Amino acid sequence: MIYVFYYMKNKNGSISLWKNVTFVAKVDSSQMLRKPTMKWLKGKWMDLGSKAGKHLQFKETYDRNTKIYSYEMTIVKVVDGDAGGYRCEVTSKDKCDSCTFDISVEDAGEDAGELDFSGLLKKRERKQKEEPEIDVDVWEILKNAKPCDYEKIAFQYGITDLRGMLKRLKKMRKVEPKKSDAFLKKLDPAYSVEKGKKIQLNVELSDPNAQVRWLRNGQEIKPSAKYIFESVGGIRKLTINKCTLADDAAYECVVGEEKSFTEVFIQEPPVTITKMLDDIHVVVGEKVEFEVEVSDEGANVKWMKDGVELSRDGKYRFKKDGTKHWLIINEATTEDIGTYYVYTSGGESKAELEVEGTSFDKVLQSIADLTLKAAEQAVFKCEVSDEKVTGKWFKDGVEVTPSNRIKMTHMGRYIGPLTATFIDSYDVKPEDAGDYTFVPDGYALSLSAKLNFLEPPKIHLDTTGSFVNKNTIIVVAGNKLRFDVDITGEPPPTVCWKKGDMVRVSEGRVRVETRKNLSCFIIEGAERSDEGLYHITVTNPAGEDKADVMVKIVDVPDPPENVKCTGVGEDSASIQWDPPKFDGGVPVKGYLMERKKKGSSRWTRLNFDIYESTTYDAKKMIEGVLYEMRVFAVNGIGMSQPSASSKPFMPIAPTSEPTRLTVEDVTDGTCALKWLPPERIGAGGIDGYIIEYCVEGGEAHGGLCYRANIECRLGFKTSHEWVQANETPVEKNSYRVRGLPVGEKMLFRVRAVNIAGRSPPAVMAQAVTIREIVERPKIRLPRQLRTKYIKRVGEKVNLVIPFQGKPRPVVTWLKDGAPLDTKLVNVRTSDVDTILFIRQAAKEHSGQYTLSVQIENMEDKVTLEIQIVDKPGPPIAVTVTDVWGFNAALEWKPPKDNGNCEITGYTIQKADLKTKEWFTVLEHNRRPSCTVSDLVMGNEYTFRVFSENICGMSDDAGISKNTAVIAKTGLKQKQQPYKEKDMCSSPKFITPLIDRSVIAGYSAAISCAVRGHPKPKIIWMKNKMIIGEDPKYLMQNNQGVLTLNIRKPSLFDGGKYTCKAINDLGEDEVECKLVVRELNMPSFPLLISLAHLPCFLHGT
């Protein structure tokens, strides 16, 4: 159990503007297994945790001794927007508790602090000229003025309380609601309804055909028995049946991008007591049961005794069944004497309990409960320790008198002071069932037992009323079904309703309500899935009975399907559709049709009497206008929803015939035709063309027998029957007819097709003989291939060479007189051209390629040369052949690899052996030798040579095997011995560290500079402790400049920092002091708890 304590719980407070306030909630976690979760909310849904910052601050503490969590929420400098209702919720697993409180914000008046502009105005003295008073309405001036002029007008008319002025202006202004394009009438801001009743939300739309979506807490609502959607013209309704507390939520209606919001509040009526407690008088040891009945099944009650609340501690037990509640004491004692109370949210009741002691020494045999069937004998017997005892028998509180059926006897025992008292009842009947009690005379004792009468259960089905035939009920979809079944049996039997293996429960849309001798089967808003055979079974200890009920759901039919236009005329159209898949359980009587122009929202009814067929001819339509159709199905229940609209169709007449039909080409078995569009097309356009052909009539080629054989082979019935060549219309103005008999004379015709049908045909004037036309082969070599075709190594070669000739010629490729290797070169040939393709050219692809095109004994050939080139190799045997003065003579041999093309020249470079830098001395030298001049005296040179071709210079160069030394004449240089200087030194800091003071949270750096050879090792220390691989510190060394970067230092990073440099010759160190200070912040706001809120608000 979660216990939540709030300061000022269920109390509301007023807070002054610009003050601070703190709310504290405490949670007892002694019985929790994990930490609870706390949420602070404003209004219904706004989570304040996401708005933490300078204005809203949250704090959480935990006391390990008391195991109490404390949660604080502080509002810094309260403003008008902070007013409203707040709620804090604490949850742990499936347990939850919450508390609400309200805050109202008051104007601080003259205590407005630094914003008290009115106080400054009061101190200013201003001489006023005596002028006649003019009745001016300042508020009208302010309402029409700009906000920037408010201060000026306030000074002019002596208004000192600017804050009060702005508040009054805000109340005076009427904010006109934003006009909605989609809604003529939106939802009200809020709705209120009592629990268990229904509520209806209405909106009115500007577009009657617009679709709406209903959302609950942002989740879309689906239509069901609980949520019912209605549409009447432009009005949309949402009905919520049997509202529960779960329906208390925010609702919205969405139309396109626009929304209308509202909130629904569920009022829970107070729980009243319908049956009060009764006083009870028992003896010690008897069982006590206080019974009370309340108005609501889900209500909770509180039991108290003499002002103290009772709990489940073993002595007291609480029982609940529907609206009934019991307080049970198993064995009453004299300590249980007192007044017992029961409380609900709307009432209370009390009763007295009296407990008396017994004078019997011992009850030897108490009365036992009996369970009997009809015509059996009931015998109640009890024995006590006093043989002279007498008493009376009671049934349900009424004294029992002897009769022919009931006998009472009293007898003593021979051994011991025992007394037995009997009551016999013969031929037990249902009215004999009840509580029997023996009350001895003169003793505070009563012995009770119960007689239970067993009667086999029986189901009594009423076959009149809603039954259409034996055990069958018909329900219209959406309506409510309530089927009452009378049941008899003693004790009252248990009722079970089933559909298949699913047991129906007492809650939900399909439910069972059971009362005494009556079982009610209820379906709220019947659906198609509710149809089926339902089994009812009643059982009690005396037996079992069963019955079956068939529920049939009837509804309006589904919409018709596949509505389409099958043909059009000049002002008419033929419409066809399929019947609905589901007829609603009632035969479909017929259909209603509607049509509209495309783009319009207005539908026109075409028939008002039911039309039974599934085809319809629509008349009186405008030619050239697009229409759409939809169909409704009608049965005995009503009219279905409209079908999906048909594809747009246009009433229009066919086009005129195509023009200029000619033959483009004829081959063995095929004929290519071409034509021009019709002269008159119309608004319907052209969907394509249909080509037809037939054999020319007459007795040619051997008479009628030969003609009959040809016609039979082609599948003709007569010589004048036309055969369609294409299954679907072709969009182009040309077509090749295939599969024609060779040597036969054929006639052709073409029709244009649109939505209105086929046009008149365009027929060829003369027949066409089907035979191949021989055309000499001819290769049309492109201009760029008539000369040598050069490509670099690695490039792509793609040569397209067109040719002509009929029939299709045979194409052959040769390379250097041998057949082409298809592994190296790809060849692809079509009817009109051939393609030679090389993905990556190599030198071995170079050569002469021969293309041959041949038809029978006619042939045409072309030869093309392909050269694949690359950069050349380096020259070889580069030698300095002679040196004189400032000149040197070089010779070399051409490269072994010339790149598959001619060497166009050489590039010569020189280099001094001292500097070893290369300089170009000659370019594009054609010969394999050269003379290099202007060499410097006293230097020794080496040379290298690059070869060139059309691809460029070689990648590598040929280097001279010997060098050219340019000697000095008459001078000698005396070499001085070289003495190497010792550069070693111990570390020495040339720039020390400097003390620094930085702000916490901002990255800082300290720097120094050191020199020494060999390069010293650097060690950084904080407070004489070496700084290791801490990611907070970044150490840098740039040419002896040492930097230590500290990322976002805190107060703990202050101290003394040391930098030490060490090498083999010694060490040196510098140090500085780093001070980390906090950023100066304004003084902390005053934190107050709600427990002290009254004192804070009254200024004490």
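Start with the surface view: the protein chain of this predicted model has an accessible surface of about 66,200 Å², and carbon and sulfur atoms own 49% of that. Of the chain's 1100 residues, 38% are buried.

Now switch to cartoon. You'll see 87 strands alongside six helices. If you turn on contacts with a separation of 6 or more, 64% of them come from residues 24 or more positions apart.

Next, colour by pLDDT. The chain averages 81, with 86% of residues at 70 or more. Select residues 1055–1063, which is strand S86: its mean pLDDT of 94 is the highest among the chain's elements. Then jump to helix H6, residues 1093–1097, which has the lowest mean, 36. Two more stops belong on this leg. Residues 110–133 have pLDDT below 50, and beyond near neighbours in sequence the stretch makes 17 contacts in the model. Residues 698–719 are below 50 too, here with 26 such contacts. Where pLDDT is low, don't read the predicted coordinates in detail.

Last stop: the cysteines. How many disulfides does the structure hold? Zero. To see why for one candidate, select cysteine 1008 and cysteine 1059: the closest cysteine sulfur to that of cysteine 1008 is the one in cysteine 1059, and at 3.9 Å it is too far for a bond, since a disulfide needs the two sulfur atoms within 2.5 Å. While you're there, note that cysteine 1008 is buried, at 2% relative accessibility. Finish on cysteine 243, which is also buried, with 1% relative accessibility.

Definitions and conventions: Residues are numbered from 1 along each chain as its sequence is written. This is a predicted model: local features need pLDDT of at least 70, side-chain atom pairs count only at pLDDT 80 or more; totals for chains, interfaces and linings use all residues. Side-chain values use heavy atoms; hydrogens and water are left out. Helices (H or I, at least four residues) and strands (E, at least two) are DSSP runs, numbered from the N terminus. Buried means under 20% relative accessible area, exposed over 50%, partly exposed in between (1.4 Å probe, protein chains only). Contact means heavy atoms within 4.5 Å. Accessible areas come from the Shrake-Rupley method with a 1.4 Å probe; for residues, only the protein chains shown count as cover. pLDDT is the predictor's confidence in each residue, from 0 to 100.
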